[in-house]
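Visitor: I am new to this structure and would like to understand one part of it well. Please choose a single part, look at it closely, and show me how it sits in its surroundings.

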Amino acid sequence: MTHEIKAKSALKVIEPEKVKTLLMPGEVGATIELIVKDKNGKITDHRGPMRSRSFTRQFLELLWIQALQIPENSLYQVRDTGNVLRAICESAKTFTCDAGIGVVTLGIIVGTGNTAPTIDDYVIETPIPHDAVPPTAGALQYGAVAFGAPASDATTSRFTITRDFSNNSGGAITVNEIGLYVEGYVYNITYYFMTIRDVIGGGLAVPNGQTLTINYQPQAAI
Amino acid sequence: MLTARLILERFDKDNRLIEKRDQPSRSFVSQFIELLYVAHAQITVFAPYVMTDVGGNPRDIDSSGDGDREYKANLMVGSPPGNSQVITPIGRDLDDRFDWDKVHNEGQNIGIQVGTGAGAVTPTDIAMGTRIVHGSGMGELEYGGCEFLSIAFADPNGQFTIRRYFTNNSGGGITVEEVGIYAIGSHGDVAAGGNWPFCIARDLTGGIAVLDTELLRATYVVQITV
């Protein structure tokens, strides 16, 4: 028996003036939007956009590595999602998060942990696994990560990172935390680092048969 | 959230501090977000993303690497002084002179910049309003290296520091009205590859007069707070 992942990421163009600016002037951050739809595409829950609170230290470290161009003969150690310090350098892969279907090492990741974020968080507290062969209790089907191209209005510049999570587990699943995993690199080896972690107050229940879409929107406001 | 402080300090020829300003940086602009987009989306050399460089030219930009090492200078801000050569990897092997020609730049074109333009900052600014050129001629400042200090963390905060010295040997006073940051974006195409600076931040100073023989130190302290 084969199972097909039916989640399909889709981006809609939102007129810039209709997008809430949630950042203060001078801030670079992200907003999160959570949308739950039933199998007919009807929205059953919608949260946000709201401020993402939590760039972790790995975001700043990867930015520092790339901006300073840390070389291969003088590596800098960053803690990966496996809680191992990895010595890496500048590369074409820094910040990459274009995960495919079912990939849980990269891109937007969801979990059930609800411990408040700290700057030192390096992994989702309790990851929700990918449901490769549904129905698997407590698992969600991870879609591919999609991107919306950058756009600017009078005060804010932004782009969008999107991923769908389909629940065919047989029961409801409550998502409490969301993270972004990206790549770092050194000579032929790719490592994975968490650059954002947010906890959703009260959690968000995704009923069986429904799909959660998460939009992370990195942005800068002047 | 990520924020930054902009600190401007003026020193006399004997290195005595004679003026200091410390202000919030207001202005990471669109090209910073665009370079982050190129990185996150792993934009390929075959389907590049078009950005506008500081000269107003459209440039294909990608985040493709090549070979085992995947060197790529995208987001590069650190740089040596003045006319010093910088090698800016573009994500492809450097097989011959034509490839090497694509990875040259000058230190002064990368990192913290100063200018005399006082026009309001917008998210779509692609360059300094009126960049002050590196040199010791009239109206010019000598650009030092754009250096980074160590990165440091103490929950809930983390920060690193970028700074650059500008020496006035022009023979007259120069009023710095704007400070910004230029970062590299690159394209690894065999024929059309290259690297170009892009303006990722621009701030107005309100005017800081740097007299002949004086030194201006411009510092960005980049911070995140959970």
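**One helix and its setting**

Guide: In chain A, 69% of the contacts between residues at least 6 apart in sequence join residues at least 24 apart. This is a predicted model, and a short look at chain A as a whole will prepare us for the part I have chosen, which is the helix α1 of chain B, residues 30–40. Chain A has 1 helix and 11 strands, and along the sequence two strands come before the helix while the other strands follow it, in the pattern β-β-α-β-β-β-β-β-β-β-β-β. The C-alpha trace of chain A spans about 50 × 45 × 30 Å along its principal axes, and its radius of gyration of 17 Å agrees with the value near 17 Å that a compact globule of 222 residues would have. Of those 222 residues, 53% count as buried.

Let us now turn to where the chains meet, since the chosen helix has a part in it. In this meeting, 48 residues of chain B are in contact with 48 residues of chain A. On the side of chain B that touches chain A, at least two residues each come from β1 (2–11), α1 (30–40) and β10 (157–167) of chain B, and the largest share, 8 residues, is supplied by α1(B). By kind, the residues on that side of chain B are 26 nonpolar, 15 polar and 7 charged.

How many of the residues of α1(B) are buried? The count is 11 of 11, so α1(B) is largely enclosed by the rest of the structure; a residue is called buried here if 20 or more other C-beta atoms lie within 10 Å of its own. Among these buried residues are Phe32(B), Ile33(B), Leu35(B), Leu36(B) and Val38(B), but the list also includes Ser30(B), Gln31(B), Glu34(B) and His40(B). Just after the helix, Gln42(B) takes a positive phi of about 50°.

Part of the surroundings of α1(B) is a sheet of chain B. This sheet is open and has 3 strands in the order β7-β11-β12, with antiparallel pairing. Its edge strands are β7 (111–115) and β12 (194–210) of chain B, each of which pairs on one side only, and neighbouring strands are turned by 25° against each other on average, direction ignored. Between β7(B) and β11(B), residues 174–187, the antiparallel pairing runs over 5 bridges, and within it Gln113(B) has Gly180(B) as its bridge partner. The helix α1(B) packs on this sheet, touching β11 and β12 of chain B, and its direction makes about 150° with that of β12(B).

For comparison, chain A offers an antiparallel pair of its own. There, 13 bridges join β9(A), residues 173–186, to β10(A), residues 189–206, and Val182(A) stands opposite Phe193(A) in β10(A). These two strands form a hairpin with 2 residues between them, and Asn188(A) in the turn has a positive phi of about 70°.

One last residue of chain A shows another degree of burial. Arg47(A), found in strand β2(A), residues 43–52, has 14 other C-beta atoms within 10 Å and is therefore partly exposed. Leaving aside neighbours within four places in sequence, Arg47(A) is in contact with Leu34(A) and Leu204(A), while the C-alpha atoms of Arg47(A) and Ile32(A), 15 residues apart in sequence, are 8.3 Å apart in space.

Notes:
Residues are numbered from 1 along each chain as its sequence is written. Chains are lettered from A and ligands numbered from 1 in the order in which they are written. This is a predicted model: local features need pLDDT of at least 70, side-chain atom pairs count only at pLDDT 80 or more; totals for chains, interfaces and linings use all residues. Helices (H or I, at least four residues) and strands (E, at least two) are DSSP runs, numbered from the N terminus. The radius of gyration is taken over C-alpha atoms; the globule rule is 2.2 Å times the number of residues to the power 0.38. A residue is buried if 20 or more other C-beta atoms lie within 10 Å of its own, exposed if 12 or fewer, and partly exposed in between; C-beta atoms are placed from the backbone. Two residues are in contact if their C-beta atoms, placed from the backbone, lie within 7 Å. Ala, Val, Leu, Ile, Met, Phe, Trp, Tyr, Cys and Pro count as nonpolar, Asp, Glu, Lys and Arg as charged, and the others, Gly among them, as polar. Two strands pair if DSSP finds at least two bridges between them. Axes are lines fitted to C-alpha atoms, for helices over the stretch in contact, and angles run from 0 to 180 degrees between N-to-C directions.
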